[in-house]
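Subject: The structure I promised you

Hi,

Here is the structure I said I would send over. Open it next to this email and follow along, and I'll tell you what turned up.

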Amino acid sequence: MTTIISYADATDLNTDDYIVLGLATCFYKEDGEVHQVEVIEPIPSAALEALCKDIPTSYRLAYATNLGSVLNGDKMLLPEGFPESAQFGDEFRLRLFSAARTYKRREAAQALIPLGTTKTDLNYSTERKRVLNAARIVTKEDNVKQHSHTHKVL
């Protein structure tokens with residue numbers, strides 16, 4: 001028998017629903033220095049399908065489990081095989097429920113990683129660093145210069 005998760009935005013989900021969690025290598029910029037952090041993130045079905053096609057990714061591993069083994073009420077549980085130093089990503093619960101819904105809609109994606117197993121043969125790369133607190137500052141130099149005739153009727 002499945003237990004309904006008591007979360008206002010997830011009444012359609014239960015503890016047995018399939019989910020994939022990834023361990024991502026990210027970076028955090030502070031005082032001019034870059035620090036490496038490991039982040040636990042839910043991986044939606046479309047992203048998992050892309051990862052399985054050998055695209056470069058910051059994920060070191062992907063672990064298939066169910067919601068009940070990651071979330072017990074309001075308490076987040078460290079997934080099996082993940083390091084103690086790993087942090088849960090921003091808005092983890094919301095993203096967890098959203099990702100779980102994608103596997104309900106696209107059940108074929110569940111076959112990519114069987115429940116309870118870990119996929120480690122991903123194309124792991126940190127060449128393009130994922131900086132978590134990157135700020136994008138827009139300047140006048142970023143404006144695209146348009147030809148003088150762009151908005152004229154000729």
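Before we get to the sheet, one term: two strands pair if DSSP finds at least two bridges between them. Also keep in mind that this is a predicted model.

**The sheet**

There is an open sheet of 5 strands here, in the order 6-2-1-3-7, and its pairing is mixed. Strand 6 (87-88) and strand 7 (118-119) are the edge strands, each pairing on one side only. Helix 2 (residues 92-105) packs on the sheet, where it touches strand 1, strand 2 (33-42) and strand 6. The direction of helix 2 makes about 140° with that of strand 1.

In case the word "pairing" is new to you: strands of a sheet pair through backbone hydrogen bonds, either parallel or antiparallel.

**Strand 3 and its neighbours**

Strand 1 and strand 3 (residues 59-66) run antiparallel and are joined by 7 bridges. You can find two of the matching positions yourself: Gly22 stands opposite Ala62, and Ala24 has Tyr59 as its bridge partner. Strand 3 also runs antiparallel to strand 7, with 2 bridges joining them.

Is strand 3 enclosed or open to the outside? Of its 8 residues, 7 are buried, so strand 3 is largely enclosed by the rest of the structure.

**Ala62**

Ala62 is a good residue to click on in strand 3. Besides Gly22, Ala62 stands opposite Lys119 in strand 7. Its relative accessibility is 0%; buried means under 20%, so Ala62 counts as buried. Leaving aside neighbours within four places in sequence, Ala62 is in contact with several residues, including Val20, Leu21, Ile43, Ile113 and Leu122. For a sense of scale, try His149: Ala62 and His149 are 87 residues apart in sequence and 52 Å apart in space, C-alpha to C-alpha.

**Asp17**

Now go to the segment before strand 1 (18-30), where you'll find Asp17. Is Asp17 buried or exposed? With 9% relative accessibility, Asp17 counts as buried, because the cut-off is under 20%.

What does the side chain of Asp17 reach? One polar contact goes to the side chain of Lys104, at 3.5 Å. A polar atom of the Asp17 side chain also lies 2.9 Å from the backbone nitrogen of Asn14. Not counting residues up to four places away in sequence, Asp17 touches Asp12, Thr65, Asn66, Leu67 and Lys104.

Have a look around and write back with any questions.

Cheers

Terms used
Residues are numbered from 1 along each chain as its sequence is written. This is a predicted model: local features need pLDDT of at least 70, side-chain atom pairs count only at pLDDT 80 or more; totals for chains, interfaces and linings use all residues. Side-chain values use heavy atoms; hydrogens and water are left out. Helices (H or I, at least four residues) and strands (E, at least two) are DSSP runs, numbered from the N terminus. Buried means under 20% relative accessible area, exposed over 50%, partly exposed in between (1.4 Å probe, protein chains only). A polar contact is a pair of N or O atoms within 3.5 Å; within protein, one must be able to donate a hydrogen and the other to accept it, and residues adjacent in sequence count only if both atoms are side-chain atoms. Contact means heavy atoms within 4.5 Å. Axes are lines fitted to C-alpha atoms, for helices over the stretch in contact, and angles run from 0 to 180 degrees between N-to-C directions.
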